[in-house]
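Reader: I am new to this structure and should be grateful for a close look at one part of it. Please describe how its strands are arranged, and then what lies around them.

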Amino acid sequence: MTLAPVAMTRLAIATTNLTKVYRSGHQETPVLQGIDLQIQAGHLHLLMGPSGSGKTTLLSILAGILAPTSGQVVVLGQEITQLSKAALAKFRLQNIGFIFQSFNLFPALTALENVEIALNLKGIKGKKAKEQAVALLKAVGLGDRLDFMPANLSGGQKQRVAIARALAGEPKIIFADEPTASLDSQNGQQVIKILYKLAKQNDCTVLIVTHDPRITAIADRITKIEDGKISNS
Ligand SMILES: Nc1ncnc2c1ncn2[C@@H]1O[C@H](COP(=O)(O)OP(=O)(O)OP(=O)(O)O)[C@@H](O)[C@H]1O
């Protein structure tokens with residue numbers, strides 16, 4: 001008797017025939033045209049492609065920020081298009097972290113407070129939140145910048161605060177939209193190293209939209225999108 005092979009891979013994200021059409025007035029813009037994508041858990045996976053090809057639209061749908069026009073989106077075994085607005089918000093809060101090109105830090109809060117507030121939103125409060133925020137900032141090499149305001153941090157340091165914030169509550173998936181686009185070479189390299197470590201040490205799935213050739217060198221998989229379709233994977 002032969003035994004069925006045991007599945008060696010775990011899927012963090014899977015889409016089936018995903019489409020997105022933007023509508024404004026009578027005008028329809030088809031952006032995603034039948035995306036079948038599979039992303040393995042624990043992978044550092046890149047989405048690449050020309051400007052306007054639909055990368056940010058796809059990332060936003062996978063993150064549950066934007067609804068697709070049709071198709072299935074399964075994230076961590078959950079078909080997210082079937083969730084109510086409130087259930088989707090809870091799912092995102094529990095499982096997903098975001099990193100943006102423009103950092104999106106609160107300018108009036110210190111580095112520590114920026115991370116603490118994310119922990120508070122996830123139900124971790126008081127002394128515990130402070131301890132975890134300190135640990136997260138230390139993990140991204142900012143243990144000596146806890147009380148700095150964002151305006152007094154370099155671009156790379158701001159992005160590392162944003163990474164620490166995205167890590168609050170140990171999300172299983174991190175989505176990053178052009179995380180190194182506004183960083184110089186040295187800071188970009190440092191951010192890339194941290195994202196890589198994150199995927200490998202914490203078994204976190206990291207999906208990055210990027211044009212940065214330095215990230216392609218360390219990616220587990222690269223999906224290329226052209227005109228709303230996958231051109232290779
Ligand atoms: N809210 C919207 N309404 C109408 N069209 C939109 C909207 N958002 C994006 N688009 C269009 O959808 C297409 C894909 O946009 P998207 O931002 O997903 O591309 P991208 O690959 O991320 O581009 P870039 O690399 O320049 O950021 C573009 O032609 C864009 O103009």
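Author: The account below takes the sheets in turn, then the helices and the surroundings of the ligand. The model is a predicted one.

The description may begin with the sheet of 6 strands, an open sheet whose order is 6-7-8-3-9-10 and whose pairing is mixed. Its edges are held by strand 6 (96–100) and strand 10, and each of these has a single partner strand, so one side of each is left without a neighbour in the sheet. On average, and with direction ignored, neighbouring strands of this sheet are turned by 25 degrees against each other.

Within this sheet, strand 7 (residues 173–177) and strand 8 (residues 205–209) run parallel and are joined by 5 bridges. One of the residues involved is Asp 177, whose bridge partner in strand 8 is Val 209. Helix 6 packs on the sheet here, where it touches strand 3, strand 7 and strand 8. The direction of helix 6 makes about 150 degrees with that of strand 8.

Further along the order, strand 3 (residues 44–48) is joined to strand 9 (residues 221–226) by 4 bridges, and the two run parallel. Met 48 has Lys 224 of strand 9 as its bridge partner. Strand 9 also pairs with strand 10 (residues 229–232), in this case in the antiparallel sense and over 3 bridges. Ile 225 stands opposite Ile 230 of strand 10. Strand 9 and strand 10 form a hairpin with 2 residues between the strands, and Asp 227 takes a positive phi near 50 degrees in that hairpin.

The other sheet to be described is an open one of 4 strands in the order 2-1-4-5, with antiparallel pairing. Strand 2 and strand 5 (78–79) are its edge strands, each pairing on one side only. Strand 1 and strand 4 are paired in the antiparallel sense over 5 bridges, and Thr 15 stands opposite Val 73 of strand 4.

Strand 4 (residues 70–75) is also joined to strand 5 by 2 bridges, with the two strands running antiparallel. Val 74 has Glu 79 of strand 5 as its bridge partner, while Val 75 stands opposite Gln 78 of the same strand. Strand 4 and strand 5 form a hairpin with 2 residues between them. In its turn, Leu 76 has a positive phi of about 50 degrees.

Two strands of this sheet also lead to the ligand. Strand 1 (11–24), strand 2 (27–40) and helix 1 (55–62) are the elements that give two or more residues to the shell around the ligand. That shell consists of Tyr 22, Ser 24, Thr 29, Val 31, Gly 49, Ser 51, Gly 52, Ser 53, Gly 54, Lys 55, Thr 56 and Thr 57. Helix 1 provides the largest share, 3 residues. By class, the shell divides into 2 nonpolar, 9 polar and 1 charged.

Helix 6 (residues 185–201), already met on the sheet of 6 strands, has a further partner in helix 5 (residues 155–166). These two helices pack at an angle of about 15 degrees, with their axes 9 Å apart. This makes helix 5 roughly parallel to helix 6, and their crossing is right-handed. On the side of helix 5, Gly 155, Gly 156, Gln 159, Arg 160 and Ile 163 make the contact, and on the side of helix 6 Asn 187, Gln 190, Val 191 and Ile 194 do so. The residues of this contact comprise 3 nonpolar, 5 polar and 1 charged.

A second pair of helices may be set beside it. Helix 3 (residues 111–121) and helix 4 (residues 126–139) pack at an angle of about 125 degrees, and their axes are 9 Å apart. Helix 3 and helix 4 are therefore oblique to each other, and helix 3 passes helix 4 in a right-handed crossing. Helix 3 contributes Ala 111, Leu 112, Val 115, Glu 116, Leu 119 and Asn 120 to the contact, and helix 4 contributes Ala 129, Lys 130, Gln 132, Ala 133, Val 134, Leu 136 and Leu 137. By class, this contact has 9 nonpolar, 2 polar and 2 charged residues.

How values were computed: Residues are numbered from 1 along each chain as its sequence is written. This is a predicted model: local features need pLDDT of at least 70, side-chain atom pairs count only at pLDDT 80 or more; totals for chains, interfaces and linings use all residues. A residue is near a molecule or strand if its C-beta atom, placed from the backbone, lies within 6 Å of it. Ala, Val, Leu, Ile, Met, Phe, Trp, Tyr, Cys and Pro count as nonpolar, Asp, Glu, Lys and Arg as charged, and the others, Gly among them, as polar. Axes are lines fitted to C-alpha atoms, for helices over the stretch in contact, and angles run from 0 to 180 degrees between N-to-C directions. Angles under 35 degrees count as roughly parallel, over 145 as roughly antiparallel, 65 to 115 as roughly perpendicular and the rest as oblique. A crossing is left-handed if the near helix is turned anticlockwise from the far one by less than a right angle, and right-handed if clockwise. Two residues are in contact if their C-beta atoms, placed from the backbone, lie within 7 Å. Two strands pair if DSSP finds at least two bridges between them.
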